[in-house]
Amino acid sequence: MTETPTDTVAYEVHAGVATITLDRPAAANALNRPMKIQLLRALSAARNDPSVRTVAIVATGKNFCVGQDLEEHVAALRANPAQAMGTVREHYNPIMLALNAIKVPVVAAINGACVGAGLGLVLAADIRIAGSRAKFGAAFAGIGLASDSALSASLPRLIGAGRATALFLLGGNIDAATAHNWGMVHQVVDDEILRDVAIEMAGRLAAGPTQAFVSIKELMAANAITSLAEVLEREAAAQQRLGASIDHGVAVEAFLAKKKPAFSGR
């Protein structure tokens with residue numbers, strides 16, 4: 001199937017929130033080459049814009065993202081099987097690295113099917129909100145593949161090695177309630193209000209202490225596998241730096257005055 005190139009990823013910034021919208025609903029937001037290129041550009045734009053204090057990733061249509069566009073993949077297999085998976089290094093790896101490089105909080109709103117690379121994308125977010133009809137799955141082994149988009153690391157880290165192994169090996173999907181119970185998502189809401197809830201949460205984070213949020217993400221990433229002494233030193237350095245920030249001073253004064261602090265992100 002050939003397509004006339006159109007924008008399949010929308011990007012806008014408003015009040016400190018960069019909203020990235022997967023917008024190929026007729027194909028369940030399956031990732032073809034143009035969409036992967038546009039998604040990388042949007043993530044890079046959010047990462048490099050100093051006015052962005054939170055990123056929200058949402059999707060149009062009934063499904064968040066069903067992963068790789070299989071029609072495109074079949075065409076690549078028929079053309080050259082040895083090079084058909086080149087898209088992993090050419091597109092998926094850069095996408096995941098760009099998402100991981102975003103220092104501010106990232107909120108993902110998941111509606112409908114979220115499988116394969118789509119699942120990898122949302123598991124790289126910091127806050128995940130699912131619609132009540134959302135479904136999650138790895139979907140690689142069923143077509144004779146293993147994993148990409150960092151799922152072999154992110155999935156067991158979030159839900160445990162046993163559950164992750166079963167999802168990878170046995171296939172199938174889990175529903176939103178199970179995903180919430182397993183710690184894969186933070187909140188489940190009605191599908192009709194999913195986008196609004198996610199954007200509202202992103203806005204709330206954008207109005208928060210941005211430097212503190214950035215340091216929290218950095219500490220959690222750096223301290224995932226490290227010694228206690230290194231953890232303590234990194235925490236001490238971050239606290240010392242943040243203790244001199246404008247936001248910290250404002251927040252302490254507001255607390256003493258029993259007022260709500262107005263964070264500037266500095």
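Into which domains is the protein chain divided? Domain 1 covers 9-207, and domain 2 covers 210-257. This is a predicted model.

**Stop 1: the two domains**

Colour 9-207 one way and 210-257 another, to show domain 1 and domain 2. Their C-alpha centres lie 28 Å apart. Now look at where the domains touch. On the domain 1 side, 9 residues are in contact with 5 residues of domain 2.

**Stop 2: the largest pocket**

Select N100, A124, D126, R157 and A221. Of the 30 residues lining the largest pocket, these are the closest to its centre. The pocket has a volume of about 970 Å³.

Next, show the elements around it. Five of them give two or more residues each to this lining: α3 (86-100), α4 (117-123), β6 (127-131), α5 (151-159) and α9 (210-222). Which element gives the largest share of the lining of the largest pocket? It is α9, with 7 residues.

Keep the domain colours on. Domain 1 and domain 2 each contribute at least three residues to the lining of the largest pocket. Then switch to colouring by residue class. The lining has 20 nonpolar, 4 polar and 6 charged residues.

**Stop 3: the second largest pocket**

Select G67, Q68, L70, F140 and I143. They lie nearest the centre of the second largest pocket, which is lined by 17 residues. About 260 Å³ of space lies there.

Add α2 (70-79) and α3 to the view. Each of these helices supplies at least two residues of this lining. The most comes from α3, with 3 residues. By class, the lining of the second largest pocket divides into 11 nonpolar, 5 polar and 1 charged.

**Stop 4: the cavity**

How many cavities of 30 Å³ or more does the structure hold? There is 1. Its volume is about 50 Å³.

To find the cavity, select L31, L39, C65, Y92, I95, M96, A117, G118, L121 and S149, which line it. Two elements, α3 and α4, give two or more residues to this lining. Check the classes here too. The lining of the largest cavity has 8 nonpolar residues, 2 polar and no charged.

Helix α3 is worth leaving highlighted. It is among the elements lining the largest pocket, it is on the list for the second largest pocket, and it also lines the largest cavity.

**Stop 5: two sides of α5**

Move to α5, one of the elements lining the largest pocket. Select L151, S154, L155 and I159, the buried residues of this helix. They sit on the same side of α5, because they cover an arc of only 95 degrees around the axis. Now show what covers them. The cover includes α4, α6 (161-170) and α7 (176-182).

Turn to the other side of α5. Are S152 and R157 buried or exposed there? Both are exposed. R157 was also in the Stop 2 selection, among the residues closest to the centre of the largest pocket.

**Stop 6: the residues around α5**

Step along to G160, which follows α5. Its phi is positive, near 95 degrees.

Now go to A150, in the loop between β7 (135-137) and α5. Here phi is near 70 degrees, a positive value in a residue other than glycine. A150 has 42% relative accessibility, so it counts as partly exposed.

**Stop 7: T19 in strand β2**

Select T19, which is in strand β2 (residues 17-22). Why does T19 count as buried? Its relative accessibility is 6%, and the cut-off for buried is under 20%.

Show the contacts of T19 as well. Setting aside neighbours within four places in sequence, T19 is in contact with A10, Y11, E12, A56, V58, R195 and I199.

**Stop 8: K258**

Finish at K258, in the segment after α11 (246-256). K258 is not a glycine, yet it has a positive phi of about 55 degrees. With a relative accessible area of 80%, K258 is exposed.

Terms used. Residues are numbered from 1 along each chain as its sequence is written. This is a predicted model: local features need pLDDT of at least 70, side-chain atom pairs count only at pLDDT 80 or more; totals for chains, interfaces and linings use all residues. Side-chain values use heavy atoms; hydrogens and water are left out. On a 1 Å grid over the protein atoms alone, a cavity is a set of points where a 1.4 Å probe fits but cannot get out, and a pocket is an open set with protein on both sides within 12 Å along at least five of seven lines; lining residues have an atom within 4 Å of a point. Grid points are joined across faces, edges and corners, and a volume is the space filled by probe spheres set on the points. Helices (H or I, at least four residues) and strands (E, at least two) are DSSP runs, numbered from the N terminus. Ala, Val, Leu, Ile, Met, Phe, Trp, Tyr, Cys and Pro count as nonpolar, Asp, Glu, Lys and Arg as charged, and the others, Gly among them, as polar. Domain bounds come from an automatic or database domain assignment. Buried means under 20% relative accessible area, exposed over 50%, partly exposed in between (1.4 Å probe, protein chains only). The arc is that of the directions from the helix axis to the C-beta atoms. Contact means heavy atoms within 4.5 Å.
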